[in-house]
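Trainee: Please take a close look at one part of this model for me. I would like to know how its residues sit relative to the surface.

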Amino acid sequence: AIALGATLGLGVAALGSGLGIGLAVKAALEAIGRQPEASGKILTTMIIGAALIEALTIYALVVFFMLYAKLG
């Protein structure tokens, strides 16, 4: 049960992270298209947001390895 839960949990975390970053980039590009003069602030904010989204995926990976270590 631990192996299945850890594997599915990591997969869901990666899927959610991919969707979240995709939506963030889409919104940033649309905003830059509307206001090209604000592209620096928009990109900076998007990169910070993407880093926070990726951090959640890294936490899920750490939990996966911790659970995997309990199996063997």
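Mentor: L61 has a relative accessibility of 34%, and it counts as partly exposed because that value falls between the limits of 20% for buried and 50% for exposed. Keep in mind that this is a predicted model. L61 belongs to helix α2, which covers residues 39-71.

L61 also takes part in a nonpolar patch on the surface, together with I2, F65, Y68 and L71. The area of this patch is about 490 Å². Helix α2 supplies four residues to the patch, the largest share. A residue needs over 30% relative accessible area to be part of a patch, and L61 has 34%.

Now compare T57, another residue of helix α2. Its relative accessibility is 14%, so T57 counts as buried, the limit being under 20%. What does T57 touch, once its neighbours within four places in sequence are left aside? The contacts of T57 are then A13, A14 and S17.

The next residue to look at is L15, which is found in helix α1, residues 2-34. L15 has a relative accessible area of 56% and is therefore exposed, since the limit is over 50%. Between the C-alpha atoms of L15 and A51 the separation is 16 Å. Along the chain, these two residues are 36 residues apart.

To put the three side by side: T57 is buried, L61 is partly exposed, and L15 is exposed.

Methods: Residues are numbered from 1 along each chain as its sequence is written. This is a predicted model: local features need pLDDT of at least 70, side-chain atom pairs count only at pLDDT 80 or more; totals for chains, interfaces and linings use all residues. Side-chain values use heavy atoms; hydrogens and water are left out. Patches are made of residues with over 30% relative accessible area and no salt bridge: like charges are joined within 9 Å, nonpolar side chains (Val, Leu, Ile, Met, Phe, Trp, Tyr) within 5 Å. Accessible areas come from the Shrake-Rupley method with a 1.4 Å probe; for residues, only the protein chains shown count as cover. A salt bridge is a side-chain nitrogen of Lys or Arg within 4 Å of a carboxyl oxygen of Asp or Glu. Helices (H or I, at least four residues) and strands (E, at least two) are DSSP runs, numbered from the N terminus. Buried means under 20% relative accessible area, exposed over 50%, partly exposed in between (1.4 Å probe, protein chains only). Contact means heavy atoms within 4.5 Å.
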